[in-house]
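Work through the exercises below with the sequence and the model open beside you, and try each task before reading its solution.

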Amino acid sequence: MTVKIGLLGLGTVGTGTAKILLDPTGRNPLLQEIDISKVGVRSLDKPRQVQLAPGVITTDLEAVVNDPENAIVVELLGGIEPARSLILQAIAQKKHVVTANKAVIARHGDEIYAAANEAGVYVLLEAAVGGGIPIIKPLKQSLGANRISSIIGIINGTTNYILTKMTTAGANFTEVLIEAQKLGYAEADPTADVDGLDAADKIAILASLGFGGRVKREDVYCEGIRQVSAADIAYADQLGFVIKLLAIAKGADGEISEQLQLRVHPTLVPKDHPLANINGVSNAVLVEGSPLGQVMFFGPGAGAGPTASAVVSDIMNIVAILKSSGLTTTLDPLLSCVHQHFCQVTPIEAIDTRFYARFLTKDLPGVIGHLGTTFGNHQVSLESVVQIGFQDKLAEIVVVTHQVCEGNFRTALDEIRTLEAIDSIPSIVRVL
C-alpha cells in the first residue's frame with residue numbers, strides 16, 4: 001500500500017524531509033510505502049537540493065491540499081498564514097496533517113484540533129518543539145501514566161548559543177548576536193528568538209500536552225535576553241550559577257491542576273542542575289512527574305536533519321495507522337488531541353520565585369542596611385547581599401533572595417528606587 005503525501009514548503013526542513021523520504025535505504029521499511037505526490041513552494045526559480053519528478057513542484061499551494069490522492073498534508077511553510085488556512089482546508093477534506101509550525105499551533109491550536117477531531121483526522125507536530133528531540137509523543141504516550149508537575153526547557157538554540165558564548169568568551173550580547181547571525185544561528189530579524197517569543201510558543205504547546213488542557217498563548221509571560229550583560233554572567237558564575245533562557249510550565253496537581261505557571265525568562269541556574277550544562281545550539285526539556293520523578297530529553301533543537309527526522313516520524317505514525325486499519329480509522333486518543341478546558345494561568349506577580357538583582361549605589365553609609373530594611377518591610381527575605389566593587393565611582397551591590405512573591409519583590413524595588421543612595425538597578429533576573 002502506497003500512501004501519497006503533499007508537501008507544503010521546500011526550505012531547510014522541507015528539503016531535509018524530502019531527502020529522507022527519497023532515500024529510504026537502511027531506514028524503516030515503512031518509508032518505502034510513502035510517495036511525495038506534490039510539493040508546494042512560493043517560487044519555482046529557487047535552486048533545489050533534491051530531484052523530484054517533473055510536475056511535482058508547484059506554486060499552487062491549494063492544489064497540493066486539494067489533490068484527492070494525498071492522504072497526508074505536511075505543512076512546513078512556517079508563519080501563521082497561509083499555513084493556518086491550508087491546514088484547516090486539508091482537515092476539511094479529511095486529510096491528516098503533519099506540521100513543524102509552533103507559531104500556528106500555539107496561537108490557533110484550539111481551532112485546528114477542534115476541526116481535526118470533528119473530521120476524524122490527526123494533526124501531529126513532533127517537529128514543532130525541540131527539533132529532533134522526541135518530546136511531543138513522550139508527553140502524549142510514554143509519560144501518560146504520570147501526574148506531570150513541571151516542564152522546564154532550554155528550547156531555543158539561538159539564545160542558548162548566545163548565552164553560552166557570552167559565558168565562555170566574556171563577550172557582550174550585541175557582538176555575540178552579530179556572530180550568531182553570520183553563522184546562521186540567528187535570523188536577520190532575531191526578535192522571535194532573543195525576545196523569547198519562539199520559546200513561549202513552544203512551552204504553550206508542551207504545557208497543553210503535559211497538563212491536559214488548552215493554553216492561550218497570550219497567557220505565557222515572556223521576557224527575552226537583550227538585558228543580560230557580561231557583568232551579570234560573571235557575577236552569576238561567582239555565585240555558582242549560569243544564566244539560561246528557560247521556558248517553565250508548573251502545576252501543583254498534575255493534570256487536575258487548576259492553576260499553571262507559564263513563563264519564559266532568563267534564569268540563574270545552579271551549576272549542578274541538569275540544565276546548566278546544555279550549551280551551544282542544543283535544546284533540552286526536563287520533565288518531572290509522579291511516580292517517574294525527573295527525566296530529561298536532550299539533543300539538537302533545530303536544523304534540517306534533526307527537524308526533518310521528527311517530521312518523518314509523524315508521517316510514519318500516520319502511515320502505520322492507515323496501513324493497519326485502512327483509510328478510515330477511529331482516532332487513537334494517545335495521538336489525537338482531546339483537550340476540553342482552558343488552563344488557568346497564575347499572573348506573574350503572584351508567582352513565588354527567587355531573584356538576583358544588581359544595584360549601582362552612591363558611596364553613602366548604610367546603603368546595604370536600607371536595602372535590607374526595605375526588602376524586609378515587603379516580606380522579601382534575602383539569602384545574600386554582596387558588595388562586588390565600584391563602577392564609575394558607584395558601589396555595585398548584588399542581592400539574591402529566598403523564595404518570595406514576585407509582586408512583593410517588585411513593590412520593594414519601586415520603593416528602593418526612591419532612595420537617595422540608589423543610582424540605578426541595571427539587572428533583575430529570576431533564580432531557579
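**Exercise 1: a charge and a ring**

Task: find where the charged end of K216 sits.

Solution: The charged end of K216 lies over the ring of F342, 5.3 Å from the ring centre; the criterion asks for NZ of Lys or CZ of Arg within 6 Å of the ring centre and within 35 degrees of the ring normal. The model is a predicted one, in which local features need pLDDT of at least 70 and side-chain atom pairs count only at pLDDT 80 or more, whereas totals for chains, interfaces and linings use all residues. Residues are numbered from 1 along each chain as its sequence is written, and side-chain values use heavy atoms, with hydrogens and water left out.

**Exercise 2: aromatic pairs**

Task: determine how the rings of F375 and F409 are arranged, and which parts the pair ties together.

Solution: Begin with the count, which comes to four aromatic pairs, where rings of Phe, Tyr and Trp (its six-membered ring) pair if their centres lie within 6.5 Å, and planes under 30 degrees apart count as stacked, over 60 as edge-to-face and the rest as tilted. For F375 and F409 the centres are 5.8 Å apart and the planes at 10 degrees, so this pair is stacked. Because F375 belongs to helix α12 (residues 367–377) and F409 to helix α13 (residues 406–416), the pair ties together parts that are 34 residues apart in sequence; helices here are DSSP runs (H or I, at least four residues), numbered from the N terminus. Next, check burial (under 20% relative accessible area, 1.4 Å probe, protein chains only): F375 is buried at 0%, and F409 is buried at 0%. Finally, F355, F359, F375 and F409 form one aromatic cluster.

How values were computed. Helices (H or I, at least four residues) and strands (E, at least two) are DSSP runs, numbered from the N terminus. Buried means under 20% relative accessible area, exposed over 50%, partly exposed in between (1.4 Å probe, protein chains only).
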